[in-house]
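Colleague: I should like to work through this model with you, one question at a time. Please show me the sequence and the structure before we begin.

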Amino acid sequence: MNPQLDPERLPRHIAIIMDGNGRWARERNRNRIFGHREGSDSVRNIVSCCRTLGIPYLTLYAFSKENWQRPDREVKALWRLLKSFLKSQLPEIIEKEIRLCHLGDPEGIPEDVLAQLQAAVAETARYDKLTLSLAINYGGRQEITRAARLFAADVQQGKCDLHALTPDRLSEYLFTTEFPDPDLMIRTGGEYRVSNFLLWQLAYAELYITKVLWPDFREPQLIEALCEYQHRERRFGKTSEQVRRTRSRTGEAKRL
Ligand code: IPE
Ligand code: IPE
Ligand code: MG
């Protein structure tokens with residue numbers, strides 16, 4: 001464990017908007033696809049770091065619903081890259097006992113990529129050392145709409161009562177049903193927006209935005225983000241005094 005980090009205060013779930021591949025490539029006078037390729041090395045590095053640190057959940061935004069609007073050539077290259085990433089990384093994912101999940105709409109994903117993705121999800125379903133979720137063909141609003149539709153169908157079929165709907169109940173219909181909400185959301189590339197990512201789940205996440213472009217985001221940058229996270233006070237609506245009081249009480253309980 002990095003000496004700067006407190007192992008007791010690591011986030012349980014990190015969500016990342018991996019942005020800045022295009023700019024990284026442009027800075028080097030290369031095409032955008034070159035940036036995406038380099039970005040997949042950052043994915044490898046960050047997954048491996050989270051596994052080593054013992055972070056139980058990592059969610060990566062790989063392709064948004066809005067990304068379909070990009071030039072056809074780039075969209076095709078992204079799917080090709082994703083497929084080859086899944087293929088080449090699967091043995092290591094299995095070896096590290098990482099469970100792979102998909103968040104997003106399967107419909108629309110090219111058939112060969114979807115087959116590769118679903119096979120990887122099935123093959124790793126029994127692992128639990130790290131749950132790695134890839135948000136692919138994902139949109140937060142679409143996810144919430146889908147949840148509302150599924151709930152309405154259950155009401156129609158008499159499986160549940162309309163008045164029993166609570167936030168907790170609705171969240172059972174999201175892709176992330178069994179996952180804790182992200183504690184930390186990292187966005188690389190310096191943009192101050194959420195771009196339709198985990199709109200529901202990010203309700204109380206700590207936001208960390210860095211100008212570092214995704215292909216340059218590796219272990220040292222992750223450690224920096226985690227250090228900053230550990231200095232944040234998460235109040236969840238309470239006062240600072242209340243939070244500190246509870247912390248010192250639980251701290252004492254641990255020592256007793
Ligand atoms: C993020 O990098 C990767 C995807 C959206 C798939 P970008 O491609 O958005 O890079 P910039 O923002 O143009 O630099
Ligand atoms: C968000 O990045 C989507 C992914 C990282 C997959 P974008 O680059 O698409 O976001 P905007 O369009 O700048 O908001
Ligand atoms: Mg971008």
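Colleague: How far does a polar side-chain atom of Asp 19 lie from an oxygen atom of ligand 2?

Modeller: Please keep in mind that this is a predicted model. Asp 19 is one of the residues that surround ligand 2, and others include Ile 17, Tyr 61 and Ser 195. A pair of N or O atoms counts as a polar contact within 3.5 Å. The distance from a polar side-chain atom of Asp 19 to an oxygen atom of ligand 2 is 3.1 Å.

Colleague: What share of the accessible area that ligand 2 has on its own does the protein cover?

Modeller: Two further side chains approach oxygen atoms of this ligand: a polar atom of Asn 67 lies 2.9 Å away from one, and a polar atom of Arg 70 lies 3.2 Å away from one. On its own, ligand 2 has 390 Å² of accessible area, and the share covered by the protein is 78%.

Colleague: Which residue has a polar side-chain atom 2.7 Å from an oxygen atom of ligand 1?

Modeller: The surroundings of ligand 1 include Asp 19, Gly 20, Arg 32, His 36 and Arg 70. Asp 19 places a polar side-chain atom 2.8 Å from an oxygen atom of ligand 1, while Gly 20 has a polar backbone atom 3.3 Å from an oxygen atom of the ligand. The side chain with a polar atom at 2.7 Å belongs to Arg 70.

Colleague: How much of the accessible area of ligand 1 does the protein cover?

Modeller: Arg 70, as just described, has a polar side-chain atom 2.7 Å from an oxygen atom of ligand 1. Taken on its own, ligand 1 has 380 Å² of accessible area, and the part covered by the protein is 86%.

Colleague: Is His 13 buried or exposed?

Modeller: His 13 is found in strand β1, which spans residues 13–17. Among the residues that His 13 touches are Tyr 57, Thr 59, Pro 180 and Asp 183, and a polar atom of its side chain lies 2.7 Å from the backbone oxygen of Pro 180. The cut-off for a buried residue is under 20% relative accessible area. Because the relative accessibility of His 13 is 1%, His 13 counts as buried.

Colleague: Why is strand β2 described as largely enclosed by the rest of the structure?

Modeller: Strand β2 covers residues 57–64. It runs parallel to β1, to which five bridges join it, and Ile 17 stands opposite Tyr 61 of β2. Strand β2 is largely enclosed because, of its eight residues, the number buried is seven.

Colleague: Which residue of β4 is the bridge partner of Tyr 57?

Modeller: Strand β4 consists of residues 130–138, and it pairs with β2 in the parallel sense over seven bridges. Within β4, the bridge partner of Tyr 57 is Thr 131.

Colleague: Which residue of β6 is the bridge partner of Arg 187?

Modeller: Strand β5 is parallel to β1, with four bridges between them, and Ile 14 has Leu 184 of β5 as its bridge partner. Both faces of β5 are covered, with Leu 184 and Ile 186 buried on one side and Met 185 and Arg 187 buried on the other. Four bridges also join β5 to β6 in a parallel arrangement. In β6, the partner of Arg 187 is Ile 209.

Colleague: How many disulfides does a search of the whole structure find?

Modeller: A disulfide is a covalent bond between the sulfur atoms of two cysteines. The cysteine sulfur closest to that of Cys 49 is in Cys 50, and because it is 6.7 Å away, it is too far for a bond. Cys 49 is buried at 7% relative accessibility, and Cys 160 is buried at 13%. Across the whole structure, the number of disulfides found is zero.

Colleague: Is Phe 236 buried or partly exposed?

Modeller: Most residues other than glycine have a negative phi. Leu 198, in the loop between β5 and β6, has a positive phi near 40 degrees, and Leu 198 is buried with a relative accessible area of 1%. Phe 236, in the loop between α7 and α8, likewise has a positive phi, of about 45 degrees. Because its relative accessibility is 48%, Phe 236 counts as partly exposed.

Technical notes:
Residues are numbered from 1 along each chain as its sequence is written. Chains are lettered from A and ligands numbered from 1 in the order in which they are written. This is a predicted model: local features need pLDDT of at least 70, side-chain atom pairs count only at pLDDT 80 or more; totals for chains, interfaces and linings use all residues. Side-chain values use heavy atoms; hydrogens and water are left out. Helices (H or I, at least four residues) and strands (E, at least two) are DSSP runs, numbered from the N terminus. Buried means under 20% relative accessible area, exposed over 50%, partly exposed in between (1.4 Å probe, protein chains only). A polar contact is a pair of N or O atoms within 3.5 Å; within protein, one must be able to donate a hydrogen and the other to accept it, and residues adjacent in sequence count only if both atoms are side-chain atoms. Contact means heavy atoms within 4.5 Å. A disulfide is a pair of cysteine sulfur atoms within 2.5 Å. A residue is near a molecule or strand if one of its heavy atoms lies within 4 Å of it. Accessible areas come from the Shrake-Rupley method with a 1.4 Å probe; for residues, only the protein chains shown count as cover. Two strands pair if DSSP finds at least two bridges between them. Lists of a residue's contacts leave out its neighbours within four places in sequence.
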